[in-house]
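Okay, thanks for squeezing me in. Let me put the structure up, and then I'll walk you through it.

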Amino acid sequence: MSQPLAPFADRIHTSLKNPVLQLALDRNAERRVAGRNQRFAELPDSEAVRDRGRAIRLQTLAKLDQYLEQFTANVERNGGHVHWAATADEARRIILDLVRGAARPGAAPVVAKSKSMVSEEIHLNAALEQAGARVVETDLGEFIIQLRGETPSHIITPAVHLRREDVSDLFHERFGAPPTLDVEQMTAVARRELRQVYFAADVGLTGVNFGVAETGTIVIVTNEGNADLTKDVPRVHIALMGLERLVPTLADLEVMLRLLPRSATAQKASSYVSLVNGPRQAGEPDGAEAFHLVLVDNGRSAMLGGELAEALLCIRCGACLNVCPIFREIGGHGYGAVYSGPIGSVVSPALFGAEFNELANASTLCGACRDICPVRIDIPSMLLAVRHRHVRAGQPPAWLRWGIRAFALAMRSPALYRIGQFFAGLGTGLLARDGYLRWLPPPADAWTRRRDFPAFARRTFRSRWAQRRPRR
Amino acid sequence: MPDSRSAILSQIRQSLAAARLPPAPSVELPSSAVPPPPSELAEKFAQELRALNGAFLSTRQAEAAALVARLVRERGAGRVLAWGGAHLPVPGLLDALRQAGVQVDAGEVPPGPDRAQRLADLETIAVGLTGVDAAVAETGTLVLLAGPGRPRLAAMSVRAHIAVFTPDQLHATLAAWLHARPDLADALRARSAALFVTGPSRTADIEMTLTVGVHGPGEVIAVLVEP
């Protein structure tokens, strides 16, 4: 399905060596974080609103089974169909069947799609294309990266790694649009192309930001309005939802709507908040004629019982990405996982397994993610928990495992410690010039290639202390 | 598959039995204070919407039809995609438009083989005309519930969306509106959809450069009709 990933360290180096990406990530981080802080400063009782948001999400998870039953019963009462998918594979099969069923006889199905992280998680586009469907992403950023055959580099701004020149070249090549550096003109090209997609599509496929249990409503938040056309124009609307994304009531939804746009895009309100209750009802002039909700588990129900359960509070605003000093250097692609940044380094190992444990090492544990999270998820603690898993599973390289073991042994034994000090002082004394080591043999040259290392003192503190002590 | 439903729910129950979730903070948000007078609400609404490149106009009941007709004409539109007259707060508005030579399309898309063709035709209409269910001053937001006589595309497929509303529909915040409509959960269940529109369709996906009208309307014009 996807190409094998380069090792994490190589991915990091690729990101660091890309000057365009570095500039874009810096600009993104600075603007988003400053804007977000301003919006929260203006929001009355903002700290209480965050506490309330956290409480709503925690209370929902604590009774998730009951809220899911209430929610799905209401969706069905409103005339929607609910499909439960335990795994990614089951979700893909359900959607493929629905898409095939909606296609015009003898024609390849066309799917207009608005942004859905769950669809990335289950690698839906590849599966649909393999089955002969044409799938078109309608969010401008997603549209661009889909045309380029890439994956999103940021959950809110998927094409943050591209320059306007890249987009102009792409639109010129694919649609014969005249080359331009005017973003408005490029956007007009996308509007023209995507209008044709909405009106040709058999199925509109959207994600879900929130589900409201008391009414059976799904809520989709965008600035572009692409989700609205995606769900209202084609005959069939399929919504893809992670099963943890519920809130109990409309009043709770209102609290989350104060937090999400401020955290995600530094806006008081997103341009479009769409509430979907089901298919078009008798007497209504337009809208989809069938509504299918696909509820995806894919590891969430098991995650709920583990030490990483708190990460299920996440509302996918991306604020922790913007504020993270590591994300700011390596970007979404560096992580090599659908969910990147601090929260991705917890969610990815929790949902997709131990091969993503190493992402948790890419953190300074500075805590900025916890401070900015609208629902105050304690991400640093969970990063530590993932690091423990990494070690317990024997995943760190051998030199590190043995090195730490040797270190631990020396730290527990005064005799070994003293011997270690003696050799460290002797060795670094021989190699150092002016008190600093400028070169060390491999693998220690990983340090000295970029930094000097101070030499150990020739005489240890303990020996000096022994001498200074007044003798009786 | 019913199997997956029960398997998922039973896994959730098993996980919750081992629950390791932190306790929820107990906090009640202060309920909204005394609402400011309507004139202040209108001013705040206008300020917020304009900050988002939206337009705000206010007019009197008697002049409203002429104003809307002028807005339509200025956009060179011979047709509008409009909510039914019963859902607009200005009596006779659609008739006035027709008299001004504007065709009014109710946006009916009958199910069946002609659906695609009908939609393609509606897509060519440049101006949409709607009422609102509420207008939120804090954010410059228009709330539109779908329903009979209320085509959703009137706020989405067009280039300019004109929304007509009255001062009593203005609320300080979304929370205040929810508070004023305790029946909303029931009302919503009877509709298939609702939309909160805050300014024109916008994107910043190319180099974080703000651009309007990417999919939905590039123009949102809110018209407040005073009695």
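So, let me start with a question: what distance separates the centres of domain 2 of chain A and domain 3 of chain A? Over C-alpha atoms, those two centres are 33 Å apart. And before we go any further, keep in mind that this is a predicted model.

Where do those domains sit in the chain? The assignment for chain A puts domain 1 at 43-298, domain 2 at 310-392 and domain 3 at 398-468. As for the chain as a whole, the C-alpha trace of chain A spans about 105 × 55 × 45 Å along its principal axes. Chain A has 22 helices and 12 strands. Of the 472 residues in chain A, 50% are buried. If you take the contacts in chain A with a separation of 6 or more, 72% of them are between residues 24 or more positions apart.

Now, over to chain B. There's an open sheet of six strands here, and the order is S1-S12-S7-S4-S2-S3, with parallel pairing. At the edges you've got S1 (55-60) and S3 (103-105) of chain B, each pairing on one side only. From one strand to the next, the twist averages 25°.

Let's look at one edge of that sheet. S2 of chain B, residues 79-82, runs parallel to S3(B), and three bridges join them. If you want a residue to click on, try B:Arg79: its bridge partner in S3(B) is B:Gln103.

Then there's a helix across this sheet. H3 of chain B, residues 61-74, lies across S1, S2, S4 (127-130), S7 (160-165) and S12 (219-226) of chain B. Relative to S1(B), that helix runs at about 140°.

Last topic: how the chains meet. How many residues does each chain put into the contact? Chain A gives 84 and chain B gives 73. On the side of chain A that touches chain B, the largest share comes from helix H3 of chain A, residues 46-62, with 10 residues. By type, that side of chain A divides into 34 nonpolar, 23 polar and 27 charged residues.

There's strand pairing between the chains, too. As a reminder, strands of a sheet pair through backbone hydrogen bonds, either parallel or antiparallel. Here, S9 of chain A (residues 272-276) and S9 of chain B (residues 193-198) pair in the antiparallel sense, over five bridges. To find the spot on screen, look for A:Leu275, which stands opposite B:Ala194 in S9(B).

That's my tour, thanks!

Key: Residues are numbered from 1 along each chain as its sequence is written. Chains are lettered from A and ligands numbered from 1 in the order in which they are written. This is a predicted model: local features need pLDDT of at least 70, side-chain atom pairs count only at pLDDT 80 or more; totals for chains, interfaces and linings use all residues. Two strands pair if DSSP finds at least two bridges between them. Helices (H or I, at least four residues) and strands (E, at least two) are DSSP runs, numbered from the N terminus. Axes are lines fitted to C-alpha atoms, for helices over the stretch in contact, and angles run from 0 to 180 degrees between N-to-C directions. Two residues are in contact if their C-beta atoms, placed from the backbone, lie within 7 Å. Domain bounds come from an automatic or database domain assignment. Ala, Val, Leu, Ile, Met, Phe, Trp, Tyr, Cys and Pro count as nonpolar, Asp, Glu, Lys and Arg as charged, and the others, Gly among them, as polar. A residue is buried if 20 or more other C-beta atoms lie within 10 Å of its own, exposed if 12 or fewer, and partly exposed in between; C-beta atoms are placed from the backbone.
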